[in-house]
Amino acid sequence: MDNEVVYDFHDDRWIKNIKQIRPAQKEVMLTFDDGPSRKLHPLLDVLKEKEVPAVFFWQSRLLYKQRPWKRVIQEGHVIASHAHNHKNLTTLPKSEQYKQIKTSVDKIRKITGDNVHYFRPPYGQYNEETMDILKELGLLPVMWQIAACDWENKHTPERIVANVVGHCRPGSIILLHELEQTLTVLPQLIDTIRREGFEFALF
């Protein structure tokens with residue numbers, strides 16, 4: 001799927017660009033879904049070397065005290081919620097949605113000691129009950145403006161770069177995952193985005 005990019009959702013309640021939170025110049029935001037994974041350490045190595053901050057949307061079922069969450073925070077990144085175990089929230093009754101989100105937030109806070117401010121739904125799927133829960137829990141709903149489609153390009157990681165570069169706009173939020181192919185091209189992706197005149201930032 002050459003150069004096909006999943007673009008923004010029409011629901012403006014979801015944050016897809018930094019400019020929805022604050023003014024943004026030529027800067028973009030990297031976000032990584034579905035961790036913490038075995039690729040976290042090498043991903044952090046690349047981000048540290050390149051001096052790039054990122055937001056990690058984690059499934060709380062994968063988070064244990066032994067995971068390198070301290071390093072994530074110490075190196076200037078943000079840990080956010082991706083629900084507890086990646087169920088499609090729209091298939092669940094409101095009580096189960098609430099449990100998925102609240103369990104995730106509580107576990108991240110318990111282990112890291114930090115409050116969780118941002119939430120991204122598994123598969124990007126949500127309904128009005130999701131929105132009610134996020135409002136009740138004081139979570140900011142975050143999607144993305146550009147999807148790298150890294151999950152579809154295991155054997156063609158160069159397409160991950162093509163799916164992002166050239167589509168960046170001031171404030172764009174970029175969706176990535178903690179995958180081997182993403183790790184492979186991450187240095188190239190960062191360098192190429194910078195050559196386009198963009199830097200990396202958080203909210």
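Modeller: Let's start with a word we'll need: buried means under 20% relative accessible area. And keep in mind that this model is predicted.

Biologist: Okay, so why is Q145 called buried?

Modeller: Its relative accessible area is 14%. The cut-off is under 20%, so Q145 counts as buried.

Biologist: Where does Q145 sit in the chain?

Modeller: Look in the loop between β5 (140–141) and β6 (146–147).

Biologist: What makes the pairing of Q145 and N17 a polar contact?

Modeller: Their side chains are joined at 3.1 Å, and the limit is within 3.5 Å. The side chain of Q145 also has a polar contact with S172, at 2.7 Å.

Biologist: Now the cysteines. How do you know that C149 has no disulfide to C168?

Modeller: A disulfide is a covalent bond between the sulfur atoms of two cysteines. The rule asks for sulfurs within 2.5 Å. The closest cysteine sulfur to that of C149 is in C168, 14 Å away, so a bond is ruled out. The disulfide count is zero.

Biologist: And why are C149 and C168 called buried?

Modeller: C149 has 0% relative accessibility and C168 has 8%. Buried means under 20%, so C149 counts as buried, and so does C168.

Biologist: Last one: what lines the largest pocket?

Modeller: There are 14 lining residues, with Y123, W144, W151, L175 and H177 nearest the centre. β1 (27–35) and β7 (173–177) are the elements that each give two or more residues. By class, the lining has seven nonpolar, four polar and three charged residues. The space inside is about 180 Å³.

Technical notes: Residues are numbered from 1 along each chain as its sequence is written. This is a predicted model: local features need pLDDT of at least 70, side-chain atom pairs count only at pLDDT 80 or more; totals for chains, interfaces and linings use all residues. Side-chain values use heavy atoms; hydrogens and water are left out. On a 1 Å grid over the protein atoms alone, a cavity is a set of points where a 1.4 Å probe fits but cannot get out, and a pocket is an open set with protein on both sides within 12 Å along at least five of seven lines; lining residues have an atom within 4 Å of a point. Grid points are joined across faces, edges and corners, and a volume is the space filled by probe spheres set on the points. Helices (H or I, at least four residues) and strands (E, at least two) are DSSP runs, numbered from the N terminus. Ala, Val, Leu, Ile, Met, Phe, Trp, Tyr, Cys and Pro count as nonpolar, Asp, Glu, Lys and Arg as charged, and the others, Gly among them, as polar. Buried means under 20% relative accessible area, exposed over 50%, partly exposed in between (1.4 Å probe, protein chains only). A polar contact is a pair of N or O atoms within 3.5 Å; within protein, one must be able to donate a hydrogen and the other to accept it, and residues adjacent in sequence count only if both atoms are side-chain atoms.
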